[in-house]
Amino acid sequence: KKLAKWVQNQRVFYKYYINGDTKHIKQHRITALNNLGFVWNVFEHQWNANFEELKQYYAEKKTFEVPKRQNSKLATFVLTMRNARKKRNEGIVVQKDVTLTEERIDKLNSINFHWGLKRPPRKQKAPAINMITDYDQQYQLLASFKEEYGHLKVSMMLQEWIKGESSEPSNKEYKRLPAFVAAIKKEHDAFREGKPSIMNEERVEQLTALGIKWKKPLNEPRK
């Protein structure tokens, strides 16, 4: 606590010194502390450290969009700078606010900092499967998947593809199969209950032979 108070005092005395009041600290003491790497302005030091880290990040990644889960501190720094610039542009920044000075703006401009959030283009969603018109095509796709992978665990494979745990599928349409399998099971339930459905006995037998496991009726005893 004693040392922390002393350090705080030196920083206050230094502010006096640069404003012309030299009675609290002398030049030889300032030089001695500089030789030790003493940080006179903690906030300025932290800002410069964040700037250098961002500069390095951009050199490696070619983007200023830092994922928060990857580097929370640097992502917060980027967001803070953008919000500060937005406030300056709107004229609502107070004069004593030193979050983003002209000097800092110039430094960020020197590395071509993007002041606006660069949003990635939205991925277009694949069209929904029409079970009436697309059934035969989706069935053939499912059969091809079974022939290639030896099973019908399409949801498991989709998760592995998303996580990068398996190489990308030979046919990108395989990624739509979980929706098809879920749909045919729903249609099968409706068919068994006598409700309108695209299913018939032929299709049920066809899918069963392929390896689709149906939900057992509630009145059927469990093993």
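User: Before we look at helix α9, what does buried mean here, and what counts as a helix?
Analyst: Buried means under 20% relative accessible area, exposed means over 50%, and partly exposed lies in between, with a 1.4 Å probe and protein chains only. Helices are DSSP runs of H or I with at least four residues, strands are runs of E with at least two, and both are numbered from the N terminus. This is a predicted model, in which local features need pLDDT of at least 70 and side-chain atom pairs count only at pLDDT 80 or more, while totals for chains, interfaces and linings use all residues. Residues are numbered from 1 along each chain as its sequence is written, and side-chain values use heavy atoms, with hydrogens and water left out.

User: OK, which residues of α9 are buried?
Analyst: In α9, which spans residues 201–210, the buried ones are Arg203, Val204, Leu207 and Leu210. They lie on the same side of α9 because they cover an arc of only 125 degrees around the axis, taken from the directions from the helix axis to the C-beta atoms.

User: And what is exposed on the other side?
Analyst: Glu202, Glu205 and Ala209 are exposed there.

User: What covers the buried residues?
Analyst: The cover includes α6 (135–149) and α8 (177–192), where contact means heavy atoms within 4.5 Å.

User: What about the ends of α9: what happens at the start, and what follows the helix?
Analyst: At the start, a side-chain oxygen of Asn200 comes within 3.2 Å of the backbone nitrogen of Glu202, and after the helix comes Gly211, with a positive phi near 125 degrees.

User: Switching topic, how many helices and strands does the protein have?
Analyst: The protein has nine helices and zero strands, and 28% of its 223 residues are buried.

Technical notes. Polar contact = N/O pair within 3.5 Å; in protein donor to acceptor, adjacent residues only side chain to side chain.
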